[in-house]
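Open the viewer and switch on the cartoon view. Keep the selection box handy for this tour.

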Amino acid sequence: MPTVGALVIGNINPEQFWREFRQGLRDLGYVEGQNIRFEFRSAEGHLDRLPELAAELVRLKIDIIVTWFTPAALAAKQATLEIPIVMAETGDPVGTGLVASLPRPGGNVTGIASATAELAGKSVQLIRDMLPWARRVMALANATDPFSKPFLEQIKLGGEATGTTINPVWISSSEELETAFASMEKDRPDAVIVQPSLPSKRAAELALKLRVPAVSVPRWFAEEQGGLMSYSARYVDLFRKAAVYVDKILKGAQPADLPVEQPTHFELIINMKTAKALGIDVPPTLLARADVVIE
C-alpha cells in the first residue's frame, strides 16, 4: 500500500488543503486504509522545523511527499533527491531552484506553480482601485521564505506602474510582526500587503486594530481572517490538481517528465464588514468585479 506524506508550514490552518487534496484522491479511487496511507506533518508555523519533519518523512520511506508553500517544498527537496515531491502550490519554483523549468522539471519535483508573486503585484492596482488616494503601501515580507524576493519584486513593479511608493519590511519572527504594526501608529501607511507565509491572521487583526487596510493573496485572508481584500487562484483547483499528480506518479510517471502547471482561474474577495469597520466606501465598479463579497 503506497504512503503519501504531506508537509506544510502550518502558520495557516491546513484544513482546506488536507480536505480537498484527499477528496481529489478519493475521486480518483483511493480509499484511506485500503489502497493508500497518509503521513501528515505540520511545522505549526515554525519554519525552522521543516527540515527535521522532511527528514522524518524520508526515514519513513514514503512514496511521495506533497508540499504546500515554497519553504516546505525546499525542505523536502533538501531532504531527498529520490522520493517524488508534488508541489500543491509553490511560488516561483524555477527561481528558487526547485525545478529546471516549468515544461521540463528535470528532477524529483513537479506540481503546481502558483502566480502568487504576480497576484501580489496586482494587489497594488486593486488597492488603488479601492482607495484612489493611496500613495504609500507597506509590504510585509517573510525574511525566512526564499519566495520573498519575487514577491517583493512584483509588488515594486505594481508600485511603479501605479505611482505608489512601496515600503518593504522584512519579518523573521512573530515579535517582529508585532513591532512592524506598532511602528504604524507613528508612521501610518495607506495600506499594507501581507506575504501569505507570514502569520496572516494575526496581521489582519493588527491591521484592523490600527485601522490600516490590509490585503493579501490567499482567499482565506479576506474570507476568514478579517483582511480587507484578497486576490488569488482558486485553491480548491490547486489542491485537487495535486492529487492528480500523485495519481500519475503512483501509476509510474516520473516527476521529471510531468510539466509544472500554473493556475488559470482567479478570485477577488472583498470583506465588506472590514471595509465598513475601516470607514471605506468600496467603489461600485470594484464590487461588481468581485467574485465573493463578505457581508
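A residue counts as buried when its relative accessible area is under 20%. Keep that cut-off in mind. The model on your screen is predicted.

**Stop 1: strand β3**

Select W68. Its relative accessible area is 3%, so W68 is buried. Now widen the selection to residues 64–68, which form strand β3. Five of the five residues here are buried, so the strand is largely enclosed by the rest of the structure. Turn on the side chains. I64, V66 and W68 point one way from β3. I65 and T67 point the other way.

**Stop 2: the neighbours of β3**

Add residues 3–8, strand β1. Five bridges join β1 to β3, and the two run parallel. Look for A6, which stands opposite V66. Next, add residues 85–91, strand β4. β3 and β4 also pair in the parallel sense, over four bridges. Which residue of β4 is the bridge partner of V66? Click on V86: that is the partner. Now show helix α3, residues 70–79. Together, β3, α3 and β4 make a right-handed β-α-β unit.

**Stop 3: the rings**

The structure holds 15 aromatic pairs. Go back to W68 and add W220. Their ring centres are 5.5 Å apart and their planes meet at 80°, so this pair is edge-to-face. W68 lies in β3 and W220 in helix α8 (residues 219–223), so the pair ties together parts that are 152 residues apart in sequence. Is W220 buried or exposed? With a relative accessible area of 5%, W220 is buried.

Add Y235 next. W220 and Y235 form a tilted pair, with 4.7 Å centre to centre and 50° between the planes. W220 sits in α8 and Y235 in helix α9, 15 residues apart. Both are buried. For the wider view, select F17, W18, F21, F38, F40, W68, F69, W220, Y235 and F239. Ring pairs link these residues into a cluster.

**Stop 4: the nonpolar cores**

In soluble globular proteins, nonpolar side chains tend to be buried together. Here the largest nonpolar core has 86 residues, and F17, F21 and M229 touch the most other members. Helix α9 (residues 235–250) gives the largest share of this core, eight residues.

Zoom in on F21. Leaving aside neighbours within four places in sequence, F21 is in contact with V4, F38, V66, F239, A242, A243 and V246. Another core, of 18 residues, lies apart from the largest one. Finish there by selecting some of its members, among them L140, L177, F181 and A214.

Notes
Residues numbered from 1 in each chain as written. Predicted model: local features only at pLDDT ≥ 70, side-chain atom pairs only at ≥ 80, totals over all residues. Heavy atoms only, no water. Buried < 20%, exposed > 50% of the residue type's maximum accessible area, 1.4 Å probe, protein only. Pairing = 2+ DSSP bridges. Right-handed = clockwise from strand over helix to strand, strands pointing away. Core = buried A, V, L, I, M, F, W, Y, C linked by side-chain atoms within 4.5 Å. Contact = heavy atoms within 4.5 Å. Phe/Tyr/Trp six-rings, centres within 6.5 Å; stacked < 30°, edge-to-face > 60°.
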